[in-house]
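User: I'm new to this one and would like to get my bearings. Could you walk me through it?

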Amino acid sequence: MTNTIGCIEKADLILVTGSNTTENHPVISAFIKRAVSFKGTKLIVVDPRRVKIASFAHQWLRPNLGTDVAWINGMMNVIIREERYAREYIESRTVGFEELKKAVADYTPERVAEITGIPAKQLVDAARMYAEAKAGSIVYCMGITQHTTGTDNVKSLANLAMLCGNVGIAGGGVNPLRGQNNVQGACDMGGLPDVFSGYQKVADPQLRERMAAAWGVTGLPDKPGLQVTAMIPKAHSGEVKALYIIGENPLVSDPDLNHAQQSFEHLEFLVVQDIFLTETARIADVVLPAACFAEKDGTFSNTERRVQRVRKAVDAPGQARQDWQIICDLATRMGYPMAYESSEAIMAEIATVTPSYAGISYPRIEHQGLHWPCPNPEHPGTPILHIGQFSSGKGVFNAIAFIPPAEAVDAEYPLYLTTGRVLYHYHTGTMTMKSEGLMDRAPESFVEIARQDAIAHGLDEGAMATIASRRGSIQARVQISAKAVPGTVFIPFHYAQAAANTLTNAALDPISGIPEFKVCAVRLSKAA
Amino acid sequence: MSEPNTITINGNAFTFEPGETILDIAKRQSIDIPTLCHLKGATPTGVCRICVVEVRGADKLLPACATPATAGMLVQTESPQVVAARRLILQMMLASGNHNCAVRGSDGRDWTHFQMGVQQDDQSGELCPVWGDCRLQDLAYRYQVDGHAFPRSPSPYPMETVNPFIVRDFARCIQCGRCVQACNEIQVNNAINFGYKGAFTKIVAAGDRPLRDSDCVFCGECVQVCPVGALVEKDVRYRVRQWETEQVRTTCSYCGVGCQLNLHVKDNRVVKVSGVEGVAPNYGSLCVKGRFGYDFVNSPERLKTPLIKENGQFREASWDEALDLVAARLGKIKTDHGPDSIGVLTSARVTNEENYLASKFTRAVLKTNNIDHCARL
């Protein structure tokens, strides 16, 4: 997030898109609901499902799946044509406005209506509402990113925010809600193929030299590595022979699972380090038992870049060990002695090699976490990014054209499928499915469908349906719901027994490598 | 005395900002005015009246939580009149339900009769589930009152136990309304409200349905703010007493909000979770997963020992054996096929420190940049 969670309540307008906030980030949804209910904040929700947060919205726009660039360009078209943009801000703080203007000129509300299904008047109203707000906050989630145009979608939202001068102010910003406790931190710490910690490029010879000196090694690899969505196909083709997987369950979370499963079978050696014998751990050659969050000390970085303490409350079961201790032992056995007294000692090293974490230490975050960038021990942290000036100098507008999703419906597969989570479960369910209470509330998978689609397919509430895509098929219980819009069904991806990712398309965004989980074509029938 | 924006509490003058209540000022000055219904962040309702204070010139006692300070106001927070009023309120509350803690009083026969009635309602021989962790009990001690002053008026409503997370015990509800405010003004789930009237007042979900069939999403904010034993976590009720536990503050391990929570630990087990009040980002709020989804920590299915697969079957192994095997196999594959034939998936679930070491291990030891995690999935 460019801004903080608390900042959401300071917004005059909140635009929520591609986020089922009340189910996936319930506590953040409370900030939005309070702002709207008690502080006069306006709310626009743009989502293909009538998610709960839409019931709080002044306007709910319903785009066809995978048409985000079109409606965002459409809103900018209206704002530019009606000259409602932040002229001074654009002149002093950004570049590329003329190119943007040209790029969105074709996206008239009428044309956008054809692509997205959003009525022209609704789009115009929403554009005006966003442009009129003194501070407008954009909140988004995987509904924006999990597309073959995910990167384009995010850049388009950034365009819209800059167009109205909403980046670098309290109550504004472009705010992705991160779905996992430390997905921010995993990125920050160099758990990515092209960067060391703090997003320092591995391709930069000076940075490489610096890291090599800090780590006491030579010959750090200079070529960016493989993204997860490339590693799995390369396992299939034999280029990747071994995988070491820590706390991940790709055999439920990856797209096109049948193919993923085959890829894993081609591996020569698979090590899985986890707290449970997950679907992925079951096919491993070696399984290493790890401690869970309640059994370790350390830090997580949340969605607002706040680095917060994790503290050990109980002992790990049996011989399970903290992940960092396991990694240290393995490194040592492979000829690189690695040893730390504590997680705090590791953080001290992180601070020396990571400019954005340089000022972070355990004593400073004992009571309250700090937002990175925090470049020195006296720095108060940076709750809001880009105040006064963009971190990289000028804010760059990107001229972006709409590209349709990789898969479209046809006669054979006439319905769109989109996937996501439900309130009572988390990711592949490894943790939540151990809770009787949560299982009582959400015991099994389902296919959420609009009444008229259910009738057309002869499916009754509670009946078992077979859902098939070009890649595979699963069975799930029919749930007729007002959340669903005709033509589109939804299935949660948590349940290994009816894994929605058997159906999903592994087509990737060319830059981020993210799969298009949010759009594929399926057909439904009564289960035999 | 009548300087602008000055108020005198118990003989000491304090300045205030327009709009502040007597309670706001007293809190800032560490003057202890007791409260029950007051909930930070919600509109003051003044419904419980335990925070009444004496204001010179006013014809009755005023609730400190809902009375704005005015210039020259003279306030007494523990005058005989105030104390008498608070005692009366507490006596009425204690008589209004199954408050079977020691404040009930020392008359043995009455206690036996009372306790047997409560046991019948509770289907348990235990004292109140929040004995020792109850604001009403605290105040009964502070003002030295018991439940004898008025005839007992039992609740007309049976306990609700049909959902997996929360027991609603209407016989211990003092109708302070904190749960209603938590649900409507803090979490804005709008699932519960006051229902019925007079002696039949009850906190209800729409249509007086059980929570499991209502709009309730089991965030548990109501349980956290309940000052008495009316709302208690099902798994905690009678099994865990507050004084048996230690609390460890940490960060939630579910979504990326990073809620600050307290793990309540008894006998090396996490037995309860509560939100940390007054601290960003969540200021005490949690969701159903964060508050009730901790069973996995103690799950018997947790992995407890390294496993090595032989002939398609796992067998238990020592750390030495397992790590030697992993080091040898990875080392050989690296030698035979080059570093880029190995990939590492680090985790969005583990700590920063662990992710940093996973990156360091991949780059400095394996000598490949093939490291990623499930940020995209």
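Analyst: Sure, starting with a term we'll need: a cavity is a set of grid points where a 1.4 Å probe fits but cannot get out. A volume is then the space filled by probe spheres set on those points. Keep in mind that this is a predicted model.

User: How many cavities of 30 Å³ or more does the structure hold, and what volume does the second largest cavity have?

Analyst: Counting those of 30 Å³ or more, the structure holds six cavities. The largest of them comes to about 340 Å³. For the second largest, the volume is about 280 Å³.

User: Which residues lie closest to the centre of the second largest cavity?

Analyst: Its lining takes in 27 residues. By class, they split into 20 nonpolar, three polar and four charged. The ones closest to the centre are Cys179(B), Ile192(B), Ile203(B), Cys222(B) and Leu231(B).

User: Which helix supplies the largest share of the lining of the second largest cavity?

Analyst: Two helices of chain B, helix 5 (178-186) and helix 6 (221-225), each supply at least two residues there. The largest share is three residues, and it comes from helix 5 of chain B.

User: And the largest cavity, how do the residues of its lining divide by class?

Analyst: There are 26 lining residues, and those closest to the centre are Gly247(A), Asp274(A), Ile275(A), Met431(A) and Arg349(B). Sorted by class, the lining has ten nonpolar, eleven polar and five charged residues.

User: Now the second largest pocket: which element gives the most to its lining?

Analyst: That pocket holds about 1,400 Å³ of space. It's lined by 48 residues, with Leu39(B), Arg178(B), Gln224(B), Val225(B) and Glu277(B) closest to its centre. Elements giving two or more residues include helix 2 (26-38) of chain A and strand 9 (231-233) of chain B. The biggest contribution, four residues, is from helix 6 of chain B.

User: At what angle do helix 17 of chain A and helix 9 of chain B cross?

Analyst: Among the residues in contact are Ile346(A) and Ile350(A) on helix 17 of chain A, and Tyr356(B) and Leu357(B) on helix 9 of chain B. Helix 17 passes helix 9 in a left-handed crossing. Their axes come within 9 Å and cross at roughly 65 degrees.

User: How far apart are the C-alpha centres of domain 1 and domain 2 of chain A?

Analyst: Chain A is divided into four parts, including domain 1 (6-177) and domain 2 (179-224 + 290-378). Between the C-alpha centres of these two, the distance is 34 Å.

Conventions:
Residues numbered from 1 in each chain as written. Chains lettered and ligands numbered in written order. Predicted model: local features only at pLDDT ≥ 70, side-chain atom pairs only at ≥ 80, totals over all residues. Heavy atoms only, no water. 1 Å grid on protein atoms, 1.4 Å probe; cavity = no way out; pocket = protein on both sides within 12 Å on 5 of 7 lines; lining within 4 Å. Nonpolar A, V, L, I, M, F, W, Y, C, P; charged D, E, K, R; others polar. Domains from an automatic or database assignment. Axes fitted to C-alpha atoms, helices over the stretch in contact; angles between N-to-C directions. Left-handed = near helix turned anticlockwise from the far one by under 90°. Contact = heavy atoms within 4.5 Å.
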